[in-house]
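Reader: I am new to this structure. Please take one part and give me a close look at it.

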Amino acid sequence: MNDATLTELLDEAYRCALGGELQRATEAVAAARRWPPLREGSLESMDVMLVEGVVHTYRGETDAARDRLRRVIALGTLLPQSEAPLQAWAWLALLDYNQGEVLSAADALAKACANPERAGPRTRMRASVNAALL
């Protein structure tokens, strides 16, 4: 991971979280946080926070996951070109669903699907799985 790009670190963290390799996912996120050109409030920092939210979700750290995902959504108002807020809404929908908050989950899912032209494969996958759950 020493010479990995930020994208490679985040992809590894995401894959590891989904695959249950939570320690490795946490290490990749920590390396991404130390990535030299990372600036708070940038598109890159939003991407890091999004993946942190995913890792926290899989670790069962719901409050920490919500915090990270909500920060991504808040920053999304300043950086509307990013897909990250849509994906954050999709992950929040899963957290709400898992806590039995079906109406909140449906609302979050609707927000995740609000701009389909900006949604990439991860957002579409998370949203479609959530839709199947609901």
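Author: What follows is a walk along helix H1 and the rings linked with one of its residues. The model is predicted.

Helix H1 covers residues 6–18, 13 residues in total. From first C-alpha to last, H1 reaches 18 Å, close to the 18 Å expected at 1.5 Å a residue. Glycine 20 follows H1. Its phi is positive, near 85°.

Now the buried side. The buried residues of H1 are Leu6, Leu9, Leu10, Glu12, Ala13, Tyr14, Cys16 and Ala17. Residues three or four places apart on an α-helix point the same way, because there are 3.6 residues a turn. What covers the buried residues of H1 includes helices H2 (22–33), H3 (43–59), H5 (84–98) and H7 (121–133).

Cysteine 16 has a relative accessible area of 4%. A search of the whole structure finds zero disulfides.

Tyrosine 14 deserves a pause. It is buried, at 7% relative accessibility. The whole structure holds two aromatic pairs. In one, the rings of tyrosine 14 and tryptophan 91 have centres 6.3 Å apart. Their planes stand at 85°, so the pair is edge-to-face. Tyrosine 14 is in H1 and tryptophan 91 in H5, so the pair ties together parts 77 residues apart in sequence. Tryptophan 91 is buried too, at 1%.

Tyrosine 58 also pairs edge-to-face with tryptophan 91, at 5.9 Å centre to centre and 70° between the planes. Tyrosine 58 lies in H3 and is partly exposed, at 33%. Ring pairs thus link Tyr14, Tyr58 and Trp91 into a cluster.

Two arginines join in. Arginine 122 lies over the face of tyrosine 14, 3.9 Å from the ring centre. The charged end of arginine 126 sits over the ring of tryptophan 91, 4.8 Å from its centre.

Key
Residues numbered from 1 in each chain as written. Predicted model: local features only at pLDDT ≥ 70, side-chain atom pairs only at ≥ 80, totals over all residues. Heavy atoms only, no water. Helix = DSSP H or I, 4+ residues; strand = E, 2+ residues; numbered from the N terminus. Expected span 1.5 Å × (residues − 1). Buried < 20%, exposed > 50% of the residue type's maximum accessible area, 1.4 Å probe, protein only. Contact = heavy atoms within 4.5 Å. Disulfide = S-S within 2.5 Å. Phe/Tyr/Trp six-rings, centres within 6.5 Å; stacked < 30°, edge-to-face > 60°. Lys NZ or Arg CZ within 6 Å of the ring centre and 35° of its normal.
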